[in-house]
Amino acid sequence: MTDASSPIVLPDDPSFGPEVQVDYPGYRSTRWRAPDRPLVTLPEEEHDPTGPVFGDSAVDELDHDLTAGHDGEPLGERIIVTGRVLDVDGRPLRRTLVEIWQANAGGRYRHEVDQHPAPLDPNFQGAGRCLTDDAGRYRFITVKPGSYPWGNHENAWRPAHIHFSVFGRAFTQRLVTQMYFPGDPLFEFDPIFHSVRDPKARALLVSRFDLPTTTPEWALGYQWDIVLGRGSPGPTPFEQDGA
Amino acid sequence: MTFGTTPSQTVGPFYSIGLTWPSTELVAPDAPGALELTGVLFDGRGEPIADGMVEVWDAAGGRWGRSGTAPEGRFSFVVAKPVADGGHAPHLDVFVFARGLLRHQRTRIYFPDEPAANDADPVLSALDEREREALVARPEGAALLFDIRMQGESATVFLAH
């Protein structure tokens with residue numbers, strides 16, 4: 001392996017931040033896909049602080065509105081999802097690209113592989129993107145995605161979620177994750193959600209219903225902040241109680 | 001006070017709804033030095049992973065690209081060899097995403113026509129011979145080949161990040 005002075009780092013090392021068990025047995029697809037050998041740690045000076053920068057040309061004016069662009073309105077519960085992209089010191093990450101994708105209100109993705117017998121919605125594609133503003137804030141208008149069955153185990157259903165992809169300032173801050181909705185009864189049965197072993201870290205994946213974000217007579221509002229790591233080989237401190 | 005970082009979750013099988021860009025060309029195909037970089041993403045049984053995604057970042061040149069692995073596990077980019085930068089041999093940073101990967105994995109691609117620079121590279125020189133070879137692309141005609149293997153004896157070397 002590496003030279004003797006390099007620490008052995010396993011793919012599940014909690015120093016990466018909130019512990020994600022990459023070979024979580026409850027999630028069957030990890031079996032043949034999660035790395036099964038120790039990771040190699042780069043020397044500290046190898047930390048690469050750069051990453052791609054996306055300008056306004058990457059985003060069209062209506063890309064943040066998943067309910068727009070079709071002949072009619074999509075079916076389902078209209079929602080606003082907004083929050084800030086921050087670094088671990090709470091500083092906003094400005095003008096960074098946020099991409100999302102999701103199932104429709106019936107729990108069906110517009111994807112050829114999705115065979116769930118729920119209807120496609122001709123007025124819903126399920127993809128959006130935006131750049132954060134000067135306060136690091138993103139904002140999407142969409143419909144609440146439905147839960148859907150998957151083949152992981154008998155009677156397996158995913159809690160409702162929206163997939164998020166975020167770039168941050170450096171390539172090593174790159175994050176792909178899923179945002180959930182508060183109080184979902186499927187949480188306790190979902191191995192993907194539970195692959196994050198620390199309940200406090202899991203809670204960071206759940207959005208918060210927010211009445212001030214809610215627009216009267218029009219859409220419910222959810223707030224969800226995204227915190228990106230330093231993207232360094234060093235540990236990312238986790239928020240302490242009472243800190 | 002520090003904020004807890006948001007945990008990673010798998011990209012899942014349907015990422016192509018949201019993450020499809022015409023972004024496989026880091027340079028134009030007719031640019032000087034442009035070459036095809038291609039490979040197959042394999043699981044631990046040697047089966048191609050057809051619902052994965054690969055991103056490459058040329059830090060020295062500020063160029064980024066993204067390729068899906070549909071339909072047969074194959075990803076392809078048009079790249080130019082990055083310049084050597086700060087004592088590093090020319091390389092691309094690589095991230096791998098897939099259903100079944102709860103966190104994306106990081107690796108690097110080095111270039112086979114840079115043996116002296118590769119020997120002096122601080123990352124490559126910290127590896128044993130098998131690992132070093134696994135991070136150097138192979139020439140195949142005019143293209144470069146870099147297969148990514150998630151598991152097993154010939155697994156790709158993944159880097160902590």
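I take helices as DSSP runs of H or I with at least four residues, numbered from the N terminus. On that basis I placed Arg132(B) in helix α2 of chain B, residues 129-134. The model I am reading is a predicted one.

**Entry: Arg132(B)**

I looked up how enclosed Arg132(B) is. It has 18 C-beta neighbours inside 10 Å, and the cut-off for buried is 20 or more, so Arg132(B) counts as partly exposed. Leaving out neighbours within four places in sequence, I found Arg132(B) in contact with Leu124(B) and Leu127(B). I also checked Arg132(B) against Tyr110(B): the two are 22 residues apart in sequence, and their C-alpha atoms are 9.3 Å apart in space.

**Entry: the sheet of chain B**

Tyr110(B) led me to strand β6 of chain B, which covers residues 105-110. I traced the sheet and noted an open arrangement of 4 strands in the order β3-β2-β5-β6 (chain B), with antiparallel pairing. The edges are β3(B), residues 63-68, and β6(B), each of which pairs on one side only. For the angle between neighbouring strands, direction ignored, I noted an average of 25°.

I then followed one pairing in detail. Strand β2(B), residues 52-58, joins β3(B) over 6 bridges in the antiparallel sense. Within that pairing, I noted Gly68(B) in β3(B) as the bridge partner of Met53(B).

**Entry: overview of chain A**

I counted 2 helices and 11 strands in chain A. Reading from the N terminus, I wrote the order down as β-β-β-β-β-β-β-β-α-α-β-β-β. Chain A has 243 residues, and 42% of them count as buried. I also looked at contacts in chain A between residues at least 6 apart in sequence: 70% of these join residues at least 24 apart.

**Entry: β2 and β3 of chain A**

Why did I note strand β3(A) as largely enclosed by the rest of the structure? The strand spans residues 127-131, and 4 of its 5 residues are buried, so I recorded it that way. I found β3(A) joined to β2(A) by 5 bridges, the two strands running antiparallel. In this pairing Leu97(A) stands opposite Leu131(A) of β3(A).

**Entry: Leu220(A)**

I located Leu220(A) in strand β10 of chain A, residues 220-223. Is Leu220(A) buried or partly exposed? I noted 17 other C-beta atoms within 10 Å, and 20 or more would be needed for buried and 12 or fewer for exposed, so Leu220(A) is partly exposed. Setting aside residues up to four places away in sequence, Leu220(A) touches Glu77(A), Ile79(A) and Thr214(A). I also looked up Ile141(A), which is 79 residues from Leu220(A) along the chain; the C-alpha atoms of the pair are separated by 9.9 Å.

**Entry: where chains A and B meet**

I listed 69 residues of chain A in contact with 50 residues of chain B. On the side of chain A that touches chain B, the elements supplying at least two residues each are β2 (97-102), β7 (161-166), β8 (175-180), α2 (199-203) and β11 (226-228). Which of them gives the most to this side? I found that β8(A) does, with 4 residues. By residue class, I split this side of chain A into 37 nonpolar, 19 polar and 13 charged residues.

Key
Residues are numbered from 1 along each chain as its sequence is written. Chains are lettered from A and ligands numbered from 1 in the order in which they are written. This is a predicted model: local features need pLDDT of at least 70, side-chain atom pairs count only at pLDDT 80 or more; totals for chains, interfaces and linings use all residues. Two residues are in contact if their C-beta atoms, placed from the backbone, lie within 7 Å. Ala, Val, Leu, Ile, Met, Phe, Trp, Tyr, Cys and Pro count as nonpolar, Asp, Glu, Lys and Arg as charged, and the others, Gly among them, as polar. Two strands pair if DSSP finds at least two bridges between them. Axes are lines fitted to C-alpha atoms, for helices over the stretch in contact, and angles run from 0 to 180 degrees between N-to-C directions.
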